[in-house]
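The following note sets out some points on the arrangement of the chains and their elements. It is meant to be read beside the coordinates.

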2 protein chains.
Amino acid sequence: MKTFLDCIPCLIRQSLAAVRLATPDERVHEQILREALQAASQMDLSWPPPAMAQIVHRRIQQICRNGDPYRASKDHFNRLALGLLPAFRRQLREAADPWNVAVRLAAAGNVMDLGVKSGLDEGEIRIALEHCLTEPLEGDSAEFAEAVAAAERILYLTDNAGEIVFDRLLIEQMPRTKVTVAVRGSPVINDATRRDAETAGLTELVPVIDNGSDAPGTILADCSEPFQRHFAAADLVVAKGQGNYETLWGVSQRIYFLLRVKCPVIARDIGCPVGRMVLRRSDSGPAADFEGMG
Amino acid sequence: MKTFLDCIPCLIRQSLAAVRLATPDERVHEQILREALQAASQMDLSWPPPAMAQIVHRRIQQICRNGDPYRASKDHFNRLALGLLPAFRRQLREAADPWNVAVRLAAAGNVMDLGVKSGLDEGEIRIALEHCLTEPLEGDSAEFAEAVAAAERILYLTDNAGEIVFDRLLIEQMPRTKVTVAVRGSPVINDATRRDAETAGLTELVPVIDNGSDAPGTILADCSEPFQRHFAAADLVVAKGQGNYETLWGVSQRIYFLLRVKCPVIARDIGCPVGRMVLRRSDSGPAADFEGMG
């Protein structure tokens, strides 16, 4: 997905929020803000928004000598998710259609995104998760189940810390021998890295690789060669979250995108209102095919 | 007031909203956005936010050859306000303290600001006005009444179209021979110009001057010499809205600021929560003196 003009003020806001997490030094806040404005003024809009975010967040880490400004937030979200896990696991055990419930929980968990919103309160997360069984899910989870059953090599691209705990519930519903999980290669915003996969218990369950990149999405050309090989070899890719949607929509690979719509730009592009959980097959045609457009 | 870092993403968003109103040409939208980013990256933050807005809005009008992109919005707000006027006039006639009611209506009318929020629905305006008699007003309207009674030359600086209709109700409560009303010298955002003062019926009531400037506030050095003389000669200035607060707070003149707090930056600076109506004397001391801080 290209960068829309509406993404730019949001990227500028995100840059400011990120540098404030990385250092209390207000001179550095101003420096990064000015650099982000300068970079945005010359940005190639045919690139997806995570490409711009990658440049800014890399610069913040470099200047602030803080390799992981969102670490505390990620730990917080992981703890929050792990605390909620037992109750949802019980719900899953008692569900008539556990697959559908797991898909919904994984989509709802995508609410834990600090790129879209600088402040995200716990109440909002709890509400998204608690309501996910009754709120509409755009897309066909039964068809997704069939695709998973038919696939031989599944690559599951995670998005955020915290959310990754709910990804585990969905991955537990898949034939484990088929699944490889991928995380970001280096910290960026609150995206999940290997450490979060370990915290979520995923490393005990399935092979976990990293994509070698520090973009908050999956810019294939920026990913490591081993990851690219895994990606090409997979006959089914599950891509979580907006960042992966923004960077992989239009790539000629069979991908199921699973996310919670969190901004008006994605809402317009994907054809669903903000707040909606979406399961979307890469070759499923234009947004207009989807019902319940916002 | 200086420009805070948080003002920058908001100014960028405002630039995009303004150019979209001025032309449907998306290449121009991108051009203005890139220019605004470039200008913001080099901005002197000791200047108030309206100084940056002035540069961008002037450039939009120049490139789009559209001298008044917000004209339709301003007409709409004027009509809306004039439609509500008879009911509020009745309320004022029946009020135990008409001065206090008029102050509150003038403050609540300041909700009609398209700089802070790109979209503003009619419902929000009606709610602000209808609730203004019961919601808290920070500041002492009786002391303000005394200051008005004691003053000899009052200069009333308006802010937005629509709102100016409610300013009229307050000005009608003042000794008219003392009052001069000032509007912006040229169109910028939905700020009131002479035409709006005429629509509101103010020109029939009191002398109306313009400030000779196209800034969405009152940058004295940018105002015309006649306006500057009026300003210096006034022994009481009433300054409506955030833009006038941002540009005149700290100026050594007796000013009563009257506004509705509409953004977190002003809320922090002024020491009141977003949504609050505020009447604030220029020499009234630090924000901490105010009760009910947000």
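**Note on the structure**

1. In chain B, strand S2 (residues 154-157) and S5(B) run parallel and are joined by four bridges. Within this pairing, Tyr156(B) stands opposite Val238(B) of S5(B). The model discussed here and below is a predicted one.

2. S5(B) is also joined to strand S6 (residues 255-260) of chain B by four bridges, and these two strands run parallel. Here the bridge partner of Val238(B) is Tyr256(B) in S6(B). Val238(B) thus has a place in both pairings, with Tyr156(B) opposite in the one and Tyr256(B) as bridge partner in the other.

3. How many of the residues of strand S5 (residues 236-240) of chain B are buried? Five of its five residues are, and the strand is described as mostly covered. Both faces of S5(B) are covered: on one side Leu236(B), Val238(B) and Lys240(B) are buried, and on the other Val237(B) and Ala239(B) are buried. The reader may note that a lysine, Lys240(B), is among these buried residues.

4. Ile255(B) belongs to strand S6 of chain B. Ile255(B) counts as buried because it has 25 C-beta neighbours inside 10 Å, where 20 or more are required. Leaving aside residues up to four places away in sequence, Ile255(B) touches Val237(B), Ala239(B), Leu248(B) and Ser282(B). Two of these contacts, Val237(B) and Ala239(B), lie on one side of S5(B). By contrast, the C-alpha atom of Ile255(B) is separated by 30 Å from that of Ile12(B), and the two residues are 243 residues apart along the chain.

5. The sheet of chain A may be taken next. Seven strands form an open sheet in the order S1-S7-S6-S5-S2-S3-S4, and the pairing is mixed. Strand S1 (137-138) and strand S4 (208-210) of chain A are the edge strands, each of which pairs on one side only. Strand S2 (residues 154-157) and strand S3 (residues 179-183) of chain A pair in the parallel sense over four bridges, and Ile154(A) stands opposite Val179(A) in S3(A).

6. Which helices lie against this sheet? Helix H10 (residues 225-233) of chain A packs on the sheet and touches S2, S3, S4 and strand S5 (236-240) of chain A. The direction of H10 makes about 125 degrees with that of S4(A). Helix H11 (residues 241-248) of chain A lies across S2, S5 and strand S6 (255-260) of chain A, and runs at about 140 degrees to S6(A).

7. Helix H8 (residues 163-171) of chain A is mostly covered, with nine of its nine residues buried. Charged residues are included: Glu163(A), Asp167(A) and Arg168(A) are buried, as are, among others, Ile164(A), Val165(A) and Phe166(A). The buried residues of H8(A) pack against helix H4 (71-94), helix H5 (98-109), helix H9 (194-199) and the strands S2, S3 and S5 of chain A.

8. The domain assignment divides chain A into domain 1 (4-64) and domain 2 (71-281). The C-alpha centres of these two domains lie 25 Å apart. Contact between them involves 16 residues of domain 1 and 15 residues of domain 2 of chain A. On the domain 1 side, helix H1 (7-22) and helix H3 (49-64) of chain A each supply at least two residues, and the largest share, seven residues, comes from H3(A). By class, that side has 10 nonpolar, three polar and three charged residues.

9. The contact between the chains takes 14 residues from chain B and 14 residues from chain A. On the chain B side, the elements giving two or more residues are helix H1 (7-22) and helix H2 (26-41) of chain B. H2(B) provides the largest share, eight residues. The residues of that side divide into eight nonpolar, three polar and three charged.

10. How are the two copies related? A turn of 180 degrees, with a shift of 0.0 Å along the axis, lays chain B on chain A with an RMSD of 0.0 Å. The two copies are therefore related as by a two-fold rotation axis. The same surface serves both copies, since 100% of the contact residues of chain B recur in chain A.

Methods
Residues are numbered from 1 along each chain as its sequence is written. Chains are lettered from A and ligands numbered from 1 in the order in which they are written. This is a predicted model: local features need pLDDT of at least 70, side-chain atom pairs count only at pLDDT 80 or more; totals for chains, interfaces and linings use all residues. Two strands pair if DSSP finds at least two bridges between them. Two residues are in contact if their C-beta atoms, placed from the backbone, lie within 7 Å. Axes are lines fitted to C-alpha atoms, for helices over the stretch in contact, and angles run from 0 to 180 degrees between N-to-C directions. Copies are superposed by least squares on the C-alpha atoms of residues with pLDDT of at least 70 in both. Domain bounds come from an automatic or database domain assignment. Ala, Val, Leu, Ile, Met, Phe, Trp, Tyr, Cys and Pro count as nonpolar, Asp, Glu, Lys and Arg as charged, and the others, Gly among them, as polar. A residue is buried if 20 or more other C-beta atoms lie within 10 Å of its own, exposed if 12 or fewer, and partly exposed in between; C-beta atoms are placed from the backbone.
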